[in-house]
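Trainee: I should like a close look at one part of this protein, namely its aromatic side chains and their surroundings. Please explain each step of the reasoning as you go.

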Amino acid sequence: MTGLKNAGGALLARLTSALQKHPRRATAALATVLLTGGSGAFAVASLGPDPADLPVRTLTEPVTSLAAGQDLADLTDLQSFSLYRSEYTRANDTAESLLQRLGIADPQAAAFLRSNDDVRQNVLGRAGRLVSAETTPDQQLSQLTVRWAPGDDGSFQRLTVERVDGKLQSKIETGKLTASPRLAGGVIRSSFFAATDASDIPDSVSMQMADIFQGELDFRRGLRKGDRFAVVYESLEADGEPLRAGRVLSTEFHNNGKSHQAMWFQEAGKKGAYYTLDGKSLRQAYLNYPVEFSRISSGFSMRVHPIQKTWRAHLGTDFAAPTGTKVRTVGDGVVSFAGVQNGYGNVIFVDHANQHTTVYAHLSRIDVKRGQRVDQGDIIGAVGSTGWATGPHLHFEFREKGEQRDPLTIAQITDTAQPISKAARPAFERQAAQMRIELNAGTQSYAMASAR
């Protein structure tokens, strides 16, 4: 027994000495022992029964068919359905690009659109026209409908391309626009037009609001961050689809702690106008701007002429705008000249009351004739670069007794609008009460939304 203890002690001493001299080798040996032990444990564990030898039971449960009582033909018909999608045309559209945005892969339809006169004249290359398409599940065109309003007479055009007996054919019809009121509003963060864009308010509505309040608000420099507004306007629809915005029916603007309100009212047999909700006319003799809100590239001042390179007076205001931008007359009057004249290029002169004349030059087109009577806001032509022009813009002049005046001062000229008659006053009051309710709801809801 003593000899066994001595031998064990000697072995332990040799192991201790080896561990101190070769620690890495000892660690590797210990790991080998552990792994070997693990394998042994695995081998023991794997000695259990094979799952393949375990008893198996099969359970059968009857399930009611979802197609019970249906013929195969009926089930096939369930797969037939139509897909619908809408888009707006773009100026650079081809038949293929338009169909691609509509999710249509139909070479026959593309070839038809390219060759059809109705489509080429009214769809391809025409921006902003509403297109609706009906397709089969395999992306073949069933029907394509394009709607647009060519003028201000309350009607719209409907072009339909449809497949009849396997062949595509087109037709054009005329429909009547329907008007429905729409409420919108917003809060000024940087500028008025940025706020209306953020609220998806159409540009034409924004311009009307600027025109309505031009005698009371400075939309370029007089607005403040936090000012809020609401507007009720007509949404003109074709077959239930909104095509464009119509007239502003009422609007309210909260600026610097003061509220400005206006609504459209028209007496029987008289021209309509905008009034405050207590009956004061807001009509100005002239609009501020002859084009939709744009950049003033040159004012009424001395300058170096861009073509003649000489220092001379610029006796008008230049509005930079893309070619084709609509030009409107700023006041009621009669066209005294419409044609080509020297450096003006295509130009229109409109004579107004009190020996006032307005001039619209460098036009790309002229839409009126000499002797024609025009009302404030009527479209008379489009921006261009004819005559002595280095780029597309409108040169606008205001003359009093033949002498040029600063055009930006014409909005200060007041109009002698007739007050609301005694007979029409009850109807006006009823309409004003309704507009107060709508505008109050609009300003409160948009103020609450902006505070979130």
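Mentor: In this predicted model, Phe396 has a relative accessibility of 0%, and because buried means under 20%, Phe396 counts as buried. The model holds 14 aromatic pairs in total. In one of them Phe396 joins Phe319, with 6.5 Å from centre to centre and 55° between the planes, and this pair is tilted. The two rings come from distant parts of the chain: Phe319 belongs to strand E14 (residues 317-320) and Phe396 to strand E22 (residues 393-400), 77 residues apart. What is the relative accessibility of Phe319? The value is 1%, so Phe319 also counts as buried.

A second pair is formed by Phe337 and Phe349, whose ring centres are 6.0 Å apart. Their planes meet at 85°, and since any angle over 60 degrees counts as edge-to-face, this pair is edge-to-face. Phe337 lies in strand E16 (residues 333-341) and Phe349 in strand E17 (residues 345-351), 12 residues apart. Is each ring buried or exposed? Phe349 has a relative accessibility of 10% and is therefore buried, whereas Phe337, at 26%, is partly exposed.

The strands that carry this second pair deserve attention. E16 and E17 make a hairpin with 3 residues between them, and Asn342 in the turn has a positive phi of about 45°. The two strands run antiparallel and are joined by 7 bridges. Val340, for example, has Asn346 of E17 as its bridge partner. E16 also pairs, again antiparallel, with strand E20 (residues 373-374), through 2 bridges. There Gly333 stands opposite Val374 of E20.

Val334, also in strand E16, shows what such a place looks like from a single residue. Its relative accessible area is 32%, which lies between the limits of 20% and 50%, so Val334 is partly exposed. Leaving out residues up to four places away in sequence, Val334 touches Phe349, Val350 and Asp351, and also Gly371, Gln372 and Arg373. Phe349, met above as the buried ring of the second pair, is thus among the contacts of Val334. The C-alpha atoms of Val334 and Arg370 are 7.9 Å apart in space, although 36 residues separate them in sequence.

Let us turn to another group of rings. Phe192, Phe193, Phe213, Phe229 and Phe253 form one aromatic cluster. Three of these names lead on to the nonpolar core: Phe192, Phe229 and Phe253 are listed with Val205, Phe219, Val231 and Val248 as the residues with the most contacts inside the largest core, which has 25 residues. Which elements supply at least two residues of this core each? They are helix H7 (192-198), helix H8 (203-212), strand E7 (228-238), strand E8 (241-255) and strand E9 (258-265). H8 gives the most, with 5 residues. Phe219 illustrates the packing: beyond its neighbours within four places in sequence, Phe219 is in contact with Phe192, Met209, Ala210, Phe213 and Phe253. Another core, of 22 residues, lies apart from this one, and Tyr289, Val291, Ala321 and Val330 are among its members.

The strands named for the largest core also belong to a sheet. This sheet is open and has 5 strands in the order E6-E7-E8-E9-E10, with antiparallel pairing. Strand E6 (178-187) and strand E10 (273-275) are the edge strands, each pairing on one side only. On average, and with direction ignored, neighbouring strands of the sheet are turned by 30° against each other. E6 and E7 are joined by 10 bridges, and Val187 stands opposite Arg228 of E7. Helix H8 lies across E7, E8, E9 and E10, at about 35° to E8. One more ring belongs in this account: the charged end of Arg247 sits over the ring of Trp264, 3.9 Å from its centre.

Finally, these details may be set within the whole protein. The chain contains 9 helices and 23 strands, and 38% of its 452 residues count as buried. Among contacts with a separation of 6 or more, 59% are between residues 24 or more positions apart. The pair of Phe319 and Phe396, 77 residues apart, is an example of a link between distant parts of the chain.

Conventions
Residues numbered from 1 in each chain as written. Predicted model: local features only at pLDDT ≥ 70, side-chain atom pairs only at ≥ 80, totals over all residues. Heavy atoms only, no water. Phe/Tyr/Trp six-rings, centres within 6.5 Å; stacked < 30°, edge-to-face > 60°. Helix = DSSP H or I, 4+ residues; strand = E, 2+ residues; numbered from the N terminus. Buried < 20%, exposed > 50% of the residue type's maximum accessible area, 1.4 Å probe, protein only. Lys NZ or Arg CZ within 6 Å of the ring centre and 35° of its normal. Core = buried A, V, L, I, M, F, W, Y, C linked by side-chain atoms within 4.5 Å. Contact = heavy atoms within 4.5 Å. Pairing = 2+ DSSP bridges. Axes fitted to C-alpha atoms, helices over the stretch in contact; angles between N-to-C directions.
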